Amino acid sequence: MCNRYRIEVQFDELWRVARAHRDMTNRANPTTEVFPDKPGPVIRNSRDGERELINLTWGMPSPPTVTNGRPDYGVTNVRKLDSPHWRRWTGVEYRCLVPWTAFCEYEDTRPKKTARWFALDSSEPLAFFAGIWTPWTGERGSMKNPRRGEHELFAFLTCEANAVVKPIHPKAMPVILTEPAEIELWMNAEWKDARALQRPFQAERMILLPVEQAALL
């Protein structure tokens, strides 16, 4: 699953494309790379109806049967939204946009796996994952370093992999939104209509980037 992505844009571009009305990040440029259980920017529908840009922690609450009372590291990728655990977060008030410019999957090479990056094209333009978020009270992190208290968490949806992603990661890929109409549908429509967006992105509209030189050193 996608457990690493990057956002290489300046705040002004993200703000313009996201069409948010309120900034909760103090105009901070996005983190270059985002990892599980770490903060990342999202655009969400706030309780007063204003769309806001805010940093949340990557990883939605795990099912209780998974954690068994231990601190929760979170679920970063969500696919089975019809299951009882995830169904509660399909409403408009829990939907968000997760900005990205490239996302990573690991190719099963030897002697170690190789990080491979996917983008819309070689310039790595800004796009969004279809995300969900929630407030949550409990322990995050590890048994050694639990973080108790109030948390605001997010994850993004996955779907069947397309022809570009499948050779590297055959099981799934993130749900990608690029068109203004898709973005508005995800953020505003009833679930019976918005769920149609959980589908593979067109393979001809994205690429697998060359292996990064740093990975070869």
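**A walk through the predicted chain**

E50 sits in the loop that links β4 (39-45) to β5 (51-58). The model is a predicted one, and this loop residue is a convenient place to enter it. E50 is partly exposed, and its relative accessible area is 33%. Leaving aside residues up to four places away in sequence, E50 touches H21, R22, R44 and N45. A155 can serve as a distant reference point: 105 residues separate E50 from A155 in sequence, and their C-alpha atoms are 21 Å apart in space.

From this single position the view can widen to the whole chain. The protein chain contains six helices and 14 strands. Its radius of gyration is 17 Å, close to the 17 Å that the globule rule gives for 217 residues, so the chain is as compact as a globular protein of that length. Along the principal axes, the C-alpha trace spans about 45 × 40 × 35 Å.

How much of the protein chain counts as buried? Of its 217 residues, 49% do. Contacts can be described by sequence separation as well. Among the contacts in the protein chain with a separation of 6 or more, 67% are accounted for by residues 24 or more positions apart.

The surface and the charges come next. About 10900 Å² of the protein chain is exposed, and carbon and sulfur atoms supply 51% of that area. The protein chain carries 30 positive and 28 negative side chains. The centre of the positive set and the centre of the negative set lie 6 Å apart.

The cysteines are another feature to check. A disulfide is a covalent bond between the sulfur atoms of two cysteines. How many disulfides does a search of the whole structure find? The search finds zero. C96 is in no disulfide, and the nearest cysteine sulfur, that of C2, is 14 Å away. A pair counts as a disulfide when the two sulfur atoms are within 2.5 Å. C159 is in no disulfide either; for C159 the nearest cysteine sulfur is that of C2, 12 Å away. Are these two cysteines buried or exposed? C96 is buried, with a relative accessible area of 0%. C159 is buried too, with a relative accessible area of 3%.

The last stop is the backbone. Most residues other than glycine have a negative phi, and most peptide bonds are trans. Against that background, three places in the chain deserve a look.

One is R19, which has a positive phi of about 55° although R19 is not a glycine. R19 lies in the loop between α1 (11-18) and β2 (22-23). With a relative accessible area of 52%, R19 is exposed.

Another is N26. The phi of N26 is positive, at about 60°, and N26 is not a glycine. N26 is placed in the loop between β2 and β3 (33-34). N26 is exposed, and its relative accessible area is 72%.

The remaining place involves a peptide bond. Which residues does the cis peptide bond join? It joins R110 and P111, with an omega of about 10°. P111 belongs to the loop between β8 (102-107) and β9 (114-119).

Methods: Residues numbered from 1 in each chain as written. Predicted model: local features only at pLDDT ≥ 70, side-chain atom pairs only at ≥ 80, totals over all residues. Heavy atoms only, no water. Buried < 20%, exposed > 50% of the residue type's maximum accessible area, 1.4 Å probe, protein only. Helix = DSSP H or I, 4+ residues; strand = E, 2+ residues; numbered from the N terminus. Contact = heavy atoms within 4.5 Å. Rg over C-alpha atoms; globule rule 2.2 N^0.38 Å. Areas by Shrake-Rupley, 256 points an atom, 1.4 Å probe, with all protein chains shown as cover. Lys, Arg positive; Asp, Glu negative; His and termini not counted. Charge placed at Lys NZ, Arg CZ, Asp CG, Glu CD.
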